[in-house]
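User: I would like to learn how to read a model of this kind feature by feature, with the general idea given before the particular case. Could we work through it together?

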Amino acid sequence: IEGCRYGLKACFWGPSGIGKSDIIRQGAERVGLEHRIVIPGQRQPEDFSGVPIQDKNTGELRIECLLTAVRDLNTLKRGILFIDEASTAPPAVQGSMLTMINDGVVGDTTIEPGVRILLAANPPEMSAGGWGFEPPMANRLAHFFVKVPPVSQWRRWLMEEGNEDIVPISSTEARLRNKWNKCWYDVKGQLSGFMDSQGEEMLHNQPKSDDPRSGYAWRSPRTWWLSGRAVATVRALGMNDDLQEMFVAALVGKGPAQEWITYVAEADLPSAEDVLKKGWEIDDNRLDKILAVNMAIVSYVKGLQNKTEKFDMAAAAWMYLKRLQEKGLADLAVEPGDELIRSKLGRKNVPGHVKAAAEPVIYANAKHPAAKYARDEER
């Protein structure tokens, strides 16, 4: 997780005057994060791409306040870059924002991993002279819809305003680092099994550009990957299970999110760690579950940092693949076997117990036409 960018890039949609900006500002204060506000409707495309422009009065080359805001937050290593009134950004400005949103880069300046990017916007039909998001822009964000609060909730907020305890974000980041890898590898397995059970349309379905949905959440390989990261974060932090569906819906849409949650509940997949340490009864009638477990265990083994543990778990993974072959599911042992070899966890330059576990599986896999790495290792 070191070096990863923290924070889901999200846009909060809702009518004017309901406190979207205040929610973000107060949230930043509660976790001790500085924030800087940029309003894209007041900016040119060059302001987001980092290209210097000439000052009409002085003739000097300069970049507008976006880069100044980024450098301020970069100095602190953490913070929130808040793009407010985002629906005031015309299409040309949205295009220049894509690299910043997707890669965290403004010109030649990289935004620090601890700097979160959040947006707030009014839906086009509620915005004076506003624009909806273009599909490429929409597909880089999670979309949350903020409603007018009930009077009782607003009164409670009024009473509690300014009395919130500050919970430093560093403590949350530490909890996340502690459990992230295990949760992410299990989610990767579940995503793999889910997609295998659903097919191509579930993986990618871009609405037409004139479809109102194209400016909000729609499913693609990118948003499914982001969904998986969000789910892993929720699990690593021990948050309410309902948040998993909320985050997935914000990225791929409500219908696909419900199907995902249903699949996870019904599949009842074991964790990669449990499969390797405790064993797992292979159900040859549920190939999607096997594919999910395969993905999870290979990802888990590759991600281990302690060499002794990594080699021990690699040996256990090879023994699991041998069981697949013995149950007549040799085809399903090829891809994970090749990946272990590619990760230098096959027969070469590994301890004896890993080599002993890998050899029979590699030998059998080498006969399969799809097993390129197994044949290379056998030779």
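User: What span would a straight helix of 30 residues have, and what does helix 7 span between its end C-alpha atoms?

Analyst: Please keep in mind that this is a predicted model. At 1.5 Å a residue, a straight helix of 30 residues would span 44 Å, whereas helix 7 spans only 37 Å between its end C-alpha atoms. The next thing to look for is a bend, and helix 7 does bend, by about 55° at W180. Just after helix 7 comes G199, whose phi is positive, near 105°.

User: By how much does helix 16 bend, and at which residue?

Analyst: Helix 16 bends by about 35° at A358, and a proline, P360, follows within four residues. The end-to-end span is worth reading alongside that angle: helix 16, residues 352-365, reaches 20 Å from its first C-alpha to its last, close to the 20 Å expected for its 14 residues at 1.5 Å a residue. As for its covered positions, the buried residues of helix 16 are V354, A357, A358, V361, I362 and N365, so that the residue at the bend, A358, is itself listed as buried.

User: How should I read a strand, and which residues of strand 8 point one way and which the other?

Analyst: In a regular strand the side chains alternate between the two faces of the sheet. In strand 8, G114, R116, L118 and A120 point one way, V115, I117, L119 and A121 point the other way, and all are buried. Strand 8, residues 114-121, is largely enclosed by the rest of the structure, because 8 of its 8 residues are buried.

User: Which strands pair with strand 8, and over how many bridges?

Analyst: Strand 1, residues 10-13, runs parallel to strand 8 and is joined to it by 4 bridges, with W13 having A121 as its bridge partner in strand 8. Strand 5 also pairs with strand 8 in the parallel sense, over 6 bridges, and here R78 stands opposite G114. From strand 5 the pairing can be followed to strand 2, residues 35-38, which pairs with strand 5 in the parallel sense over 4 bridges, V38 having I83 as its bridge partner. Strand 5 is mostly covered, with 5 of its 6 residues buried.

User: Where do residues other than glycine have a positive phi?

Analyst: Two cases can be examined here, and for each I would check the backbone angle, then the place in the chain, then the accessibility. K77 has a phi near 75°, a positive value in a residue other than glycine, and K77 lies in the loop between helix 3 and strand 5. K77 counts as partly exposed because its relative accessibility is 48%. D268, likewise not a glycine, has a positive phi of about 50°, and the place of D268 is in the loop between helix 11 and helix 12. With a relative accessible area of 60%, D268 is exposed, because the cut-off for that class is over 50%.

User: How is empty space found, and what volume does the second largest pocket have?

Analyst: Rolling a probe the size of a water molecule over the atoms shows where empty space is left. The second largest pocket has a volume of about 500 Å³. Of the 19 residues that line this pocket, the closest to its centre are K188, S192, L291, M295 and E335. Its lining draws at least two residues from each of helix 7, helix 9, helix 13 and helix 15, so helix 7, whose bend at W180 we discussed, is one of the contributors. By class, the lining of the second largest pocket has 11 nonpolar, 3 polar and 5 charged residues.

User: How many helices and strands are there in the protein, and what does its C-alpha trace span?

Analyst: The protein has 17 helices and 9 strands, and its C-alpha trace spans about 75 × 55 × 45 Å along the principal axes. Of its 379 residues, 45% count as buried. For a distance within that frame, take R323, which is found in helix 14: the C-alpha atoms of R323 and Q244 are separated by 33 Å, and the two residues are 79 residues apart along the chain. R323 counts as partly exposed, at 30% relative accessibility.

Methods:
Residues numbered from 1 in each chain as written. Predicted model: local features only at pLDDT ≥ 70, side-chain atom pairs only at ≥ 80, totals over all residues. Heavy atoms only, no water. 1 Å grid on protein atoms, 1.4 Å probe; cavity = no way out; pocket = protein on both sides within 12 Å on 5 of 7 lines; lining within 4 Å. Points joined across faces, edges and corners; volume = space filled by probe spheres on them. Nonpolar A, V, L, I, M, F, W, Y, C, P; charged D, E, K, R; others polar. Expected span 1.5 Å × (residues − 1). Bend = angle between axes of the 7 residues up to and from the residue. Buried < 20%, exposed > 50% of the residue type's maximum accessible area, 1.4 Å probe, protein only. Pairing = 2+ DSSP bridges.
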